[in-house]
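I opened the structure and kept notes as I went. The entries follow in the order I looked things up.

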Amino acid sequence: MATKKKQEIEFRYYEVPEGEQVLALLGESWRRVYGDDINGFSLHFHNLMEIGFCIEGTGDMVLDEETVTYSSGALTVIPMNCPHVTNSRMNNLNYWEYLFLDPEAILNAAYPKDSMFVNKLLERINHHAVCYEAGQNEELEGLVRAVMNECRNRKSYSVEVLRGLLLSMVIVIARQEAAPGLEGQHFQKNGLGHITQALDHIRAHYMEEIRVTELARKCSLSETHFRRIFVEYMNMTPAEYVMLIRIQNACELIKKSRYSMEEVAQRVGYPTVSTFNRNFRRIVGTSPYQYKKNREGYEGKLMNFKISAKKGW
């Protein structure tokens, strides 16, 4: 009997707007049919935490290797690096709205001198994907709705209001992860979870020298087995993924800082500018200097480095 080919998992990433702490995807454009291979929807994971609220519809959500049924009022909390996909039932229209955020950035901004506390909260936050049925978690739902409404109806001091709401939301998620007997269906990271620790390590230490042997050890796998699983799930080698993460962060630095290209190269892990320029051109299609002058013309290249590395919807 032929072995069933494991489904490729796409890496999709979002960018939080400059000066903000959350990206909100709201409105009627998100009333659509969701499903595997429908309009580009397939099993994927993100660089940010995804919080979704189902306003209308029913269907099944795949969270890594588990499936849960959802209906109107469902609330999902999906950590970064957790594969998932939403499938509308009978190809009916569903209406979801989403928040994308980086809990680590939010917590570090609030507690810049307490890394131990921040790491403790992040460990809880990133441990599970959770799907709540309507009314199961009114505290968190109230905060999510408040954030969405503030993003939808911007008023004076919205940035400051959102900063407080998002911090409360992240801490509530962490607190409830530590609570025994918490309602809602929790899902461990399984399939892709075999290499999740490697993905997390790359994200946290991309600016340092990273060896495949070290990544394999963190996943309790032999180097050969680790390389095979990584390529199987990610459709790219560990070295290519490290390069992609470095160049993504380089693009962010170029957009949001006044560092020289030499500083940018060093800050993302390249000891020489020549290596940085070569890898930047390979992914973006132009030099860092040209990207800085006309980044709007080249950002699409970054999204399509690999079939499995796509920008979010």
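**Cores.** I began with the largest nonpolar core of this predicted model. It holds 43 residues. I asked which members touch the most others. They are F226, M234, Y241, I247, F276 and F280. Next I listed the elements that give this core two or more residues. I found one strand, β1 (10-13), on that list. The helices there are α5 (196-205), α6 (212-218), α7 (223-234), α8 (238-256), α9 (261-267) and α10 (273-284). The largest share, 9 residues, comes from α8. I then found a second core, separate from this one, with 32 residues. Among its members are L26, M49, V77 and L107. A general note to self: nonpolar side chains in soluble globular proteins tend to be buried together.

**Helix α7.** I took α7 next, as it gives residues to the largest core. I counted 12 residues in α7. From first C-alpha to last, α7 reaches 16 Å, close to the 16 Å expected at 1.5 Å a residue. Which residues of α7 are buried? I get F226, I229, F230, Y233 and M234. Why do I say that they line one face of the helix? Seen down the axis of α7, the buried residues fall within an arc of 105°, so they share one face. The general rule I kept in mind is that an α-helix has 3.6 residues a turn, so residues three or four places apart point the same way. I then looked up what this buried set packs against. The partners are β4 (44-46), α5, α6 and α8. Just after α7 comes N235, and I noted its positive phi, near 60°.

**Aromatic pairs.** I searched the whole structure and got 11 aromatic pairs. I opened the pair of Y14 and F100. Their ring centres are 4.0 Å apart. The planes meet at 35°, so I filed the pair as tilted. Y14 sits in the loop between β1 and β2 (22-25), while F100 belongs to strand β10 (residues 94-101). The pair therefore ties together parts that are 86 residues apart in sequence. Y14 and F100 are both buried. I then turned to W96 and Y98, which are stacked. Their centres lie 6.0 Å apart, with 10° between the planes. W96 and Y98 are buried too. Following the ring pairs, I traced a cluster of Y14, W30, Y70, W96, Y98 and F100.

**A charge over a ring.** I also checked R246 against Y270. The charged end of R246 sits over the ring of Y270, 5.3 Å from the ring centre.

**F117.** I located F117 in helix α2 (residues 115-125). Is F117 buried, exposed or partly exposed? Its relative accessible area is 30%, so I logged F117 as partly exposed. I also took its distance to L107, a member of the second core. F117 and L107 are 10 residues apart in sequence, and their C-alpha atoms are 9.1 Å apart in space.

**Positive phi in a loop.** Last, I looked at the loop between β9 (84-88) and β10, where I found M90. Phi of M90 is positive, near 55°, and the residue is not a glycine. M90 has 71% relative accessibility, so it counts as exposed. N91 lies in the loop between β9 and β10 as well. Its phi is also positive, near 55°. At 52% relative accessibility, N91 counts as exposed, since the cut-off is over 50%.

Key. Residues numbered from 1 in each chain as written. Predicted model: local features only at pLDDT ≥ 70, side-chain atom pairs only at ≥ 80, totals over all residues. Heavy atoms only, no water. Core = buried A, V, L, I, M, F, W, Y, C linked by side-chain atoms within 4.5 Å. Buried < 20%, exposed > 50% of the residue type's maximum accessible area, 1.4 Å probe, protein only. Helix = DSSP H or I, 4+ residues; strand = E, 2+ residues; numbered from the N terminus. Expected span 1.5 Å × (residues − 1). Arc of directions from axis to C-beta. Contact = heavy atoms within 4.5 Å. Phe/Tyr/Trp six-rings, centres within 6.5 Å; stacked < 30°, edge-to-face > 60°. Lys NZ or Arg CZ within 6 Å of the ring centre and 35° of its normal.
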